[in-house]
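Here are my notes on this one, as numbered points. Have the model open while you read.

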Amino acid sequence: MGKDVIIACDFPTAEQTLSFLDRFTDRKPFVKIGMELFYAEGPAIVRKIKQRGHKIFLDLKLHDIPNTVRKAMTVLSGLDADIVNLHAAGTAEMMRAALEGLVRPDGSRPLLIAVTQLTSTNQEALETELLIREPMDEVVLSYAENAKRAGLDGVVCSPLEAAAVHTRCGAGFLTVTPGVRFADGDRGDQKRVMTPAQAKAAGSDYIVVGRPITAAPDPAAAYARCIAEFVD
Ligand code: C5P
């Protein structure tokens with residue numbers, strides 16, 4: 001898979017999601033389904049969006065004992081998602097178990113990427129609550145290396161970290177990056193942002209874009225602008 005724009009479909013119902021996707025007539029966007037929509041609508045929403053011809057990043061961030069994650073991943077790979085994820089904090093053993101669980105009977109599997117540290121966690125929380133004393137940048141890169149060694153395909157990270165992840169883990173190790181805003185757009189609650197063109201220059205493999213598309217007056221035009229800046 002080459003560079004692509006993934007739309008974060010953070011909607012509470014299947015109805016809203018499907019009517020939003022009806023607006024895209026030229027090119028079928030890669031869709032991210034997160035916890036909100038999945039917990040509301042269940043596996044059926046994944047099958048339905050897949051049947052419509054979209055690729056799917058199922059963003060459920062698994063984190064449990066290896067055996068439980070292995071079995072859960074087998075269920076998710078049966079939904080025919082293209083990318084799934086987990087927390088690298090679950091350890092290399094959990095990541096390897098997840099990979100085993102993902103392999104389908106025909107030998108194929110979804111791409112598996114890791115969340116390193118959530119961007120909502122700051123240095124203070126890292127040190128005083130999680131008792132991790134290293135600088136955040138180093139923690140993120142070290143967790144990315146753990147994911148690479150466990151056989152994963154990449155990480156979710158800020159576009160500001162994409163170049164360092166590629167330097168440490170190799171150009172082929174995928175960086176999937178949220179925190180993208182148009183140069184003239186509203187940042188919302190995202191603090192460290194890049195434009196789609198900057199994310200491309202930084203080496204991001206996939207950008208995850210939510211509100212700049214979902215809340216745009218013309219979502220299809222906003223999506224086309226992302227594609228023009230990031231892919232074309
Ligand atoms: O609307 P917005 O473009 O900010 O949406 C970004 C999407 O990426 C949301 O679904 C958000 O949960 C997700 N995400 C993020 N930052 C992370 C990990 C995931 O914004 N570090």
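**Notes on helix packing and salt bridges**

1. Let's start with Phe24, which counts as buried at 7% relative accessibility, since anything under 20% gets that label. Keep in mind throughout that this is a predicted model. Phe24 isn't in a helix or strand: you'll find Phe24 in the loop between helix H1 (14-21) and strand E2 (30-33).

2. What does Phe24 touch, leaving aside residues up to four places away in sequence? The list is Ile7, Pro29, Ile213, Pro219, Ala220 and Tyr223. For a sense of scale, pick Thr91, which is 67 residues from Phe24 along the chain: the C-alpha atoms of the two are separated by 39 Å.

3. Just before that loop sits H1, so have a look at how H1 packs on helix H3 (residues 43-51): the angle is about 15° and the axes are 11 Å apart. That angle makes H1 roughly parallel to H3, the cut-off for that being under 35 degrees. The H1 and H3 crossing is right-handed.

4. Who meets whom between H1 and H3? From H1 come Ala14, Thr17, Leu18 and Leu21, and from H3 come Ile45, Lys48 and Ile49. By type, the contact of H1 with H3 has five nonpolar residues, one polar and one charged.

5. Next pair: H4 and H5, with axes 7 Å apart and an angle of about 30°. H4 and H5 are therefore roughly parallel to each other, and H4 passes H5 in a right-handed crossing. On the H4 side the contact is made by Pro66, Val69, Arg70, Met73, Thr74 and Ser77, and on the H5 side by Glu93, Met94, Ala97, Ala98, Glu100, Gly101 and Leu102. Sorted by type, the residues of this H4 and H5 contact are seven nonpolar, three polar and three charged.

6. Two of the residues just named also pair up: Arg70 forms a salt bridge with Glu100, and the closest N and O atoms are 3.1 Å apart. Arg70 lies in helix H4 (residues 66-78) and Glu100 in helix H5 (residues 92-102), so this salt bridge ties together parts that are 30 residues apart in sequence. Is Arg70 buried, exposed or in between? Arg70 is partly exposed, with a relative accessible area of 28%.

7. On to H7 and H8, which pack at an angle of about 45° with axes 10 Å apart. That makes H7 oblique to H8, and the crossing of H7 and H8 is right-handed. In the contact, H7 supplies Glu138, Val140, Leu141, Ala144, Glu145 and Lys148, while H8 supplies Glu161, Ala164, Val165, Arg168 and Cys169. The split for the contact of H7 with H8 is six nonpolar, no polar and five charged.

8. This helix pair has a salt bridge too: the side chains of Glu138 and Arg168 meet at 3.0 Å, N to O. Glu138 lies in helix H7 (residues 136-149) and Arg168 in helix H8 (residues 159-169), so the pair links parts that are 30 residues apart in sequence. Glu138 counts as partly exposed at 32% relative accessibility, and Arg168 counts as partly exposed at 33%.

9. Which salt bridge partner sits in a loop? Check Arg211 and Asp189, whose side chains meet in a salt bridge at 2.6 Å, N to O. Arg211 lies in helix H10 (residues 211-214), whereas Asp189 lies in the loop between strand E7 (174-177) and helix H9 (196-202), so the pair ties together parts that are 22 residues apart in sequence. Arg211 counts as partly exposed at 43% relative accessibility. Asp189, at 53%, counts as exposed, the label for values over 50%.

10. One network is worth clicking on as well: salt bridges that share partners join Lys32, Asp59 and Lys61. How many salt bridges does the structure hold? The count is 13, and those described in these notes include Arg70 with Glu100, Glu138 with Arg168 and Arg211 with Asp189.

Methods:
Residues are numbered from 1 along each chain as its sequence is written. This is a predicted model: local features need pLDDT of at least 70, side-chain atom pairs count only at pLDDT 80 or more; totals for chains, interfaces and linings use all residues. Side-chain values use heavy atoms; hydrogens and water are left out. A salt bridge is a side-chain nitrogen of Lys or Arg within 4 Å of a carboxyl oxygen of Asp or Glu. Helices (H or I, at least four residues) and strands (E, at least two) are DSSP runs, numbered from the N terminus. Buried means under 20% relative accessible area, exposed over 50%, partly exposed in between (1.4 Å probe, protein chains only). Axes are lines fitted to C-alpha atoms, for helices over the stretch in contact, and angles run from 0 to 180 degrees between N-to-C directions. Angles under 35 degrees count as roughly parallel, over 145 as roughly antiparallel, 65 to 115 as roughly perpendicular and the rest as oblique. A crossing is left-handed if the near helix is turned anticlockwise from the far one by less than a right angle, and right-handed if clockwise. Contact means heavy atoms within 4.5 Å. Ala, Val, Leu, Ile, Met, Phe, Trp, Tyr, Cys and Pro count as nonpolar, Asp, Glu, Lys and Arg as charged, and the others, Gly among them, as polar.
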